[in-house]
Protein chains: 2
Amino acid sequence: MPQTPPATIKDVARVAGCGIATASRVLNKSGPASTKMRERVERAASDLGFCFNAAGRALQSRRSMTIGCLVPSLANPVFAEAVQGVQAELLGSGYQILISCSNYDDAADNTSISTLLENNVDGIIATMVAPDRSTALLQAKQRGIPVSLMFHDPLDGLVTAYVDNFVAACEVARRFAALGHRRVGFLALRFSTSDRSRNRYAGFHAQCRASGLADPTLIEISEVEARHPEQLAAILARYRDITALFASNDFLAIAVQKAARDLEWKVPQDLSIIGFDGIEVGRLLEAPLTTIETSPEAMGRQAAQSLLHALQGLGLVQLPPLPFSFREGGTLAPPNPKRTDDDRVAAQPSSVHPAQDQN
Amino acid sequence: MPQTPPATIKDVARVAGCGIATASRVLNKSGPASTKMRERVERAASDLGFCFNAAGRALQSRRSMTIGCLVPSLANPVFAEAVQGVQAELLGSGYQILISCSNYDDAADNTSISTLLENNVDGIIATMVAPDRSTALLQAKQRGIPVSLMFHDPLDGLVTAYVDNFVAACEVARRFAALGHRRVGFLALRFSTSDRSRNRYAGFHAQCRASGLADPTLIEISEVEARHPEQLAAILARYRDITALFASNDFLAIAVQKAARDLEWKVPQDLSIIGFDGIEVGRLLEAPLTTIETSPEAMGRQAAQSLLHALQGLGLVQLPPLPFSFREGGTLAPPNPKRTDDDRVAAQPSSVHPAQDQN
DNA sequence: TTGTACGCGTTATCAG
DNA sequence: CTGATAACGCGTACAA
């Protein structure tokens, strides 16, 4: 291991036979320099394999050229794609991404932001469990560090890149209603950890009322249950009365589709399913998933754009929500009158499973 | 915006009425201090909301406590999960992750590493298009910065966290052979940009020979074709002679399954399919995907462990390949003798589509 | 046990 | 046009 200590600007100046300031000016193209000097410095720099030291720069300029990015998890492709969008947008701006995952943990959420702050990030892009309860986020605001949220609906004075979950969920209820569904359900994962999910439920609920449907049955399941189709099937079996289900995300929609198959319920004849997010693989299923299509990558891009804008001294401005679209698929159809009539007789009170408050 | 400039250790010392060194020793628990001093300093620090400045620290200690992580893309869940593994393993170690994506671009690959180097990362974890051709990676080695690869098969003197792609691919060929398949294919995406894919082909090819099968037909497609089932179907239609297909990753396997459906080929009766990676959603398909199951997260974890180990002064050591397993599913069956007989007559020379060299 | 002073690599100021 | 020099925040010899 040769272990050459990296060359500093001082080394460059020495080799070029000039002062440090001159070397700095040339290398940064930030001031006047004679052609001769310029050449000598550039030559020296390339000979030494010189490379700026970010720490020194950060210390003196008080800017780290680093953006902190906090997401619940990268194992969820929705967030991974959002980060990819951030990365794409930041490319060429000179900013680097310092990444952090909270694993959907409230406390980790907050300490992660603190850690980013310690690392002198110039800005923060985040999706959190509870941005409104994060003291560290408050600290960031106080320090004048711009913060841009992703996925969250507008909140406090925080700027966010989002789709209007409430409105999108209304659309789902409207579709169900138009086809004649009367008893519908909402399937969500760990309801309390996501304001997106809550807002989707709220919109769905509101529009169900407006369309004259019964209040939607809330079915909340754990992560484990979501991953084990047989467990999910057992839960689903308790809700024979519903003819259509709105799943809070596409993975749940796919999982519940399998659970329904295991119960020998035909999708969409016996049960219609609409998902949320619009992941790519949904298109490739035997019955392509009907879903609300969004673009996580676009959220990341917009959040990054807003931040870049703010970093240039112009303020942080809340942009309008990003568009979503209803993607036709093979999991939505009118209710099967035969099945609903048969089952309606045996139907039990609507909210059974995790009898939990909906807020 | 109050815009309070962050408190420095100097401020803490002033408020606590002591010297900077004392404050530093207390805050770092790195030296002696009287109980009284300790209290005063800690009190002052918390009052001021003091928080270390990473740049100052990095400059003086010549360590940034930052790990650079380069992957082709976060839009591919395999890499996203790997990064998640890295993150999980690094949690609590004090190291932060600086992330970068190359978008499968050879040049971006190299400049990304350079950028990480400029940012003084203490170590690098990467999956690249061509690690062996990266001058920046060489530079890192020269500087004594430990590098740990992910997914790549062992290479040069580079440590890597991987599964043995060759051996895993042999397993696939063996399964096909055992069921009586004779003409098989290998489906890959942009073959040349991934040594993993190449090694899988090599292992598959070798074992096909060893098992007395015909040399596998190489079917290489573009990303666009992979995303459009109808295009993929058109390509697949040219290969009626093969009865089994090894897809280089699960997404391709799922896509080709849809393409086969569109052609009204039954899976697995008319065409057996085995994938690679073992993504979760494969289990939820109507015909659960038969595949080689790997754990990208484990690769990330192992790469991070190796790096942490090296960062503690112990050397970088190459660990044995990570395990994979054959996951049973519903897309593998013996060949349908009827169909193969019918079609074999019309079969054309085996490699038609992107007649490209296999290296 | 405590405090002073220096240097890490950089940029900016200001005098030549 | 050029070159000393003073910060930036921190850790740490070294001196008290």
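This report describes one helix of chain A and the protein surface around DNA strand D in a predicted model.

## Basis of the description

Residues are numbered from 1 along each chain as its sequence is written, and chains are lettered from A in the order in which they are written. Local features need pLDDT of at least 70, and side-chain atom pairs count only at pLDDT 80 or more.

## Helix 13 of chain A

Helix 13 (a DSSP run of H or I, at least four residues, numbered from the N terminus) covers residues 296-311 of chain A. Its 16 residues should span 22 Å at 1.5 Å a residue (counting one less than the number of residues), and the end C-alpha atoms are 23 Å apart, which agrees. Gly313(A), with a positive phi near 95°, follows the helix.

Buried residues (under 20% relative accessible area, 1.4 Å probe, protein chains only) of this helix include Pro296(A), Met299(A), Gln302(A) and Leu307(A). The buried residues pack (heavy atoms within 4.5 Å) against elements of chain A, among them helix 5 (77-90) and strand 1 (66-71).

## The surface around DNA strand D

DNA strand D is surrounded by 25 residues (a heavy atom within 4 Å); the closest are Thr22(A), Arg25(A), Ser34(A), Ile9(B) and Arg57(B). Of the strand's atoms within 4 Å of the protein, 68% belong to sugar and phosphate.

A polar backbone atom of Asn53(B) lies 3.0 Å from a phosphate oxygen of the strand. Polar backbone atoms also face bases: that of Gly56(B) is 3.2 Å from a base nitrogen, and that of Gln60(A) is 3.3 Å from a base oxygen. Helix 4 of chain B gives the largest share of this surface, four residues.

Methods. Heavy atoms only, no water. Helix = DSSP H or I, 4+ residues; strand = E, 2+ residues; numbered from the N terminus. Buried < 20%, exposed > 50% of the residue type's maximum accessible area, 1.4 Å probe, protein only. Polar contact = N/O pair within 3.5 Å; in protein donor to acceptor, adjacent residues only side chain to side chain.
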